[in-house]
Amino acid sequence: MREALKEAAAAAEMGEVPIGAVIVKDGAIVARGHNLREIQHDATAHAEVLAIRAAGHTLGGWRLSGCTLYVTIEPCPMCAGALVQSRVDHLVFGAADPKGWADRSLLEIVQNPGLNHRMEVTAGVLAGECSAVMKTFFRARRKPGMANAQEG
């Protein structure tokens with residue numbers, strides 16, 4: 001999770017919402033990602049999706065069996081769906097987001113018994129640090145004279 005936090009910091013430095021992800025297989029990081037929605041003008045450029053794409057290239061296939069994805073914030077529905085589709089075995093996330101995210105806070109996607117793939121989930125790893133990164137970012141954006149980040 002510390003490496004995912006580094007990715008979140010990289011996103012924040014670029015003015016992106018500070019969410020970071022890494023994918024690990026056999027104890028080694030095979031891919032990294034952080035939000036790039038604003039820079040790439042792409043609603044799908046979330047940390048998890050970019051990490052999944054990079055892991056597919058690194059590993060030579062779309063099936064990420066045997067992989068664990070670490071992400072600083074609970075995945076949104078799109079990213080949770082991408083995790084299921086890519087066959088990631090284990091999701092580890094930091095802070096929960098009860099307003100719209102898709103492991104346990106609002107929807108149940110990654111462990112939904114109706115889907116063709118489910119994964120192990122570990123929630124709350126370094127949750128305080130992961131949450132603080134987001135709070136600090138948005139607090140700074142709300143100060144007078146600062147550019148407004150898009151939260152949606």
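**Strand β1 and its place in the sheet**

In this predicted model, strand β1 and strand β3 (residues 67–73) run antiparallel and are joined by five bridges. One of the residue pairs along this seam is Ala21 with Val71, the latter being its bridge partner in β3.

A further partner of β1 is strand β2 (residues 28–34), and here too the pairing is antiparallel, this time over six bridges. Within this pairing, Ile23 stands opposite Ala31 of β2. The two strands form a hairpin with two residues between them, and in this hairpin Asp26 adopts a positive phi near 50°.

It helps to step back and view the whole sheet. The sheet is open and holds five strands in the order β2-β1-β3-β4-β5, with mixed pairing. At its edges lie β2 and β5 (120–123), each of which pairs on one side only. From one strand to the next, the twist averages 15°. Helix α3 (residues 47–59) packs on this sheet and touches β1, β2 and β3. The direction of helix α3 makes about 140° with that of β2.

How, then, does β1 sit within the rest of the structure? Strand β1 covers residues 20–25, and five of these six residues are buried, so the strand is largely enclosed by the rest of the structure. Buried here refers to a relative accessible area under 20%. For a reader tracing the strands by eye, one general point may be useful: in a regular strand, side chains alternate between the two faces of the sheet.

Definitions and conventions
Residues are numbered from 1 along each chain as its sequence is written. This is a predicted model: local features need pLDDT of at least 70, side-chain atom pairs count only at pLDDT 80 or more; totals for chains, interfaces and linings use all residues. Side-chain values use heavy atoms; hydrogens and water are left out. Buried means under 20% relative accessible area, exposed over 50%, partly exposed in between (1.4 Å probe, protein chains only). Helices (H or I, at least four residues) and strands (E, at least two) are DSSP runs, numbered from the N terminus. Two strands pair if DSSP finds at least two bridges between them. Axes are lines fitted to C-alpha atoms, for helices over the stretch in contact, and angles run from 0 to 180 degrees between N-to-C directions. Contact means heavy atoms within 4.5 Å.
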